[in-house]
Amino acid sequence: MKAKYAALRGTRDLLPDEIGRWLYLENRVRDVFGRYRFQEIRTPVLEATELFARSVGESTDIVHKEMYTLKRGDESVSLRPENTASVVRAFVQHSLHRSLAEGFPARYYYIGPMFRYERPQKGRQRQFHQIGAEVLGSADPLCDAETMEMLCRFLDELGITDRELVLNSLGDPDCRVRYRAALVDWLQPRRANLCEDCRRKSADNPLRVFDCKVEPDQALLADAPEILSFLGDEAAAHLDQVRALLDRYGIAYRIDPRMVRGLDYYQRTVFEVVASGLGSQNAILGGGRYDGLVRDLGGPEVPGFGFAIGMERLIALMPQDRSVAGDADLVLVCLGQEGLDGGVNLARRLRSAGLKVAMPMAVRPMGVQMRRAGRTGAPFALFVGTQELAEGRFGLKNLETGQQETVDEHELFIRLGVKT
RNA sequence: GUGGGUGUAGCUCAGUUGGUUAGAGCAUCUGAUUGUGGUUCAGAGGGCCGAGGGUUCGAAUCCCUCCAUUCACCCCA
């Protein structure tokens, strides 16, 4: 049979076989982030288009050509391409800054789908999922460093150890303006030697030329001016302190003065973590500081720091055994119509006690039931037939050892660890 | 948007220079076993060979178009 409908390009179904890995990951997020007192926040998937244009930046590809935008009358709304803007919007809308105290920033995290209209490839989907967090209300280098320290702990606990933390500073806005001018001056006489894309980028968004993968361009750009030598005193001091703190945490990192992140709102610290084995899309998370964003979105002067993690990319890297099992605690093997009838009542009591109970919904041969029980991975099978129901005693078989004993209902609960 | 790869059973894949009725493994189902599994054995179901057109006596195979998918570019998590 040929399927008439299929999931849209760039979207996909997460089938039950796969969902255990997602639940495992989400559990780790809530555990690790919870230790740092991050609180979950959920914002709408749909927001005013203008919110993203203002925050992510009009000139970025994300806003320019990757948003799913809907128009209803004269209102324009978009599916979120990222979630920082929404969190900041919520923060401002609900006046959450009013409960901030100096040195005690608000910390939020989120888990959910994002949407970007791109050509799918390895590690890139149109609907993808991010884990992210935002710290609002601290401009201190400690905030940057501790957040990165949490991320390293998180990745360690997931078993993702083959990775690299890459760090850079984009400076304050005025540093960036001076650097940009210097870079444009440097690029101008060399434009003829650059590839077509880089010639275009040197006009639109000059910092992006550093992303170029063309060899001759790379060689040429090796001598280009670097942002780090344009940092003002405060931005430079900030970076130095972040580095000192990372050293104190014992966290390894590499400074890459040419790493430029895609969203316009970043300033000072930017970072990403790259891993091998993901093909061309090797960044598993990225983030940075955005001290002007809250103000730009109509709020007070509140500094911010945040990151986003690509869940699909993370799951691809997680060791195979990282999953939560959805197996039944007990399988009822119901013999004949009487067994099935009695099983219904028994299952009801067992489920009331909190157990995960499987049973057939039709009279089936025992051999078939046992074959399926063996494959579900359930630890126990309970035989429910006419005689057992009459006596109130059932055969309880340990499916791993093959050992069987006869128990009444009270003993059954004890065997299965239910407090009675 | 631009390039390359791939589309055969539910899944992973064979399929000879174009040749008659398209195969395997896994999975599913039935039986051996109408009350003891995950082993074994025997058997069964399951295919518009991505879609449409063309070449040919004859096409899963060659050509064209479209669609899907995948990798890469752009860009990003």
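Chain A holds 15 helices and 16 strands. The model is a predicted one, so keep that in mind as you work through the exercises.

**Exercise 1. Work out how chain A compares with a compact globule of 420 residues in radius of gyration.**

Step 1. Start with the reference: a compact globule of 420 residues would come out near 22 Å.

Step 2. Now take the value for chain A, which is 28 Å.

Step 3. Add the dimensions. Along the principal axes, the C-alpha trace of chain A spans about 95 × 55 × 50 Å.

Step 4. Look at burial and surface too. Of the 420 residues in chain A, 47% are buried. The accessible surface is about 21,800 Å², with 48% of that belonging to carbon and sulfur atoms.

Step 5. Finish with the contacts. Take those between residues at least 6 apart in sequence: 70% of them join residues at least 24 apart.

**Exercise 2. Find the order of the five strands in the open sheet, and say which ones stand at the edges.**

Step 1. Read across the sheet: the order is β13-β12-β14-β15-β16, and the pairing is mixed.

Step 2. Check the ends. β13 (357-358) and β16 (404-408) each have a single partner strand, so one side of each has no neighbour in the sheet. Those are your edge strands.

Step 3. Zoom in on one pair. Strand β12 (residues 330-334) and β13 run parallel and are joined by two bridges. If you want to spot one partnership, look at Leu330, whose bridge partner in β13 is Val357.

Step 4. Now put the helices on. Helix α12 (residues 336-352) lies across β12, β13, β14 (380-384) and β15 (393-398), at about 155° to β12. Helix α13 (residues 366-376) packs on the sheet as well, touching β12, β14 and β15, and its direction makes about 175° with that of β12.

**Exercise 3. Decide whether helix α2 is largely enclosed or left open by the rest of the structure.**

Step 1. Count the buried residues: six of the eight in α2 (residues 49-56) qualify.

Step 2. Name them. They are Thr49, Leu51, Phe52, Ala53, Ser55 and Val56.

Step 3. See what they pack against: β2 (46-48), α3 (61-65), β3 (69-72), β4 (75-79), α4 (84-93) and α10 (293-296).

Step 4. Conclude. With six of its eight residues buried, α2 is largely enclosed by the rest of the structure. Just after the helix comes Gly57, with a positive phi near 120°.

**Exercise 4. Explain why Cys143 does not bond to the closest cysteine sulfur.**

Step 1. Recall the chemistry: a disulfide is a covalent bond between the sulfur atoms of two cysteines.

Step 2. Find the closest candidate. The nearest cysteine sulfur to that of Cys143 belongs to Cys152, and the gap is 15 Å, which is too far for a bond. The cut-off for a disulfide is sulfur atoms within 2.5 Å.

Step 3. Try Cys175. Its nearest cysteine sulfur is that of Cys143, 19 Å away, and Cys175 is in no disulfide.

Step 4. Check the total: a search of the whole structure turns up zero disulfides.

Step 5. Note the surroundings. Cys143 is buried at 10% relative accessible area, and Cys175 is buried too, at 1%.

**Exercise 5. Is Gln267 buried or exposed, and which residues does Gln267 touch?**

Step 1. Locate the residue: Gln267 lies in strand β9 (residues 267-275).

Step 2. Use the cut-off. Buried means under 20% relative accessible area. Gln267 has 13%, so this residue is buried.

Step 3. List the contacts, leaving out residues up to four places away in sequence: Leu170, Gly171, Asp172, Pro173, Arg289, Asp291 and Gly292.

Technical notes. Residues numbered from 1 in each chain as written. Chains lettered and ligands numbered in written order. Predicted model: local features only at pLDDT ≥ 70, side-chain atom pairs only at ≥ 80, totals over all residues. Heavy atoms only, no water. Pairing = 2+ DSSP bridges. Helix = DSSP H or I, 4+ residues; strand = E, 2+ residues; numbered from the N terminus. Contact = heavy atoms within 4.5 Å. Axes fitted to C-alpha atoms, helices over the stretch in contact; angles between N-to-C directions. Rg over C-alpha atoms; globule rule 2.2 N^0.38 Å. Buried < 20%, exposed > 50% of the residue type's maximum accessible area, 1.4 Å probe, protein only. Areas by Shrake-Rupley, 256 points an atom, 1.4 Å probe, with all protein chains shown as cover.
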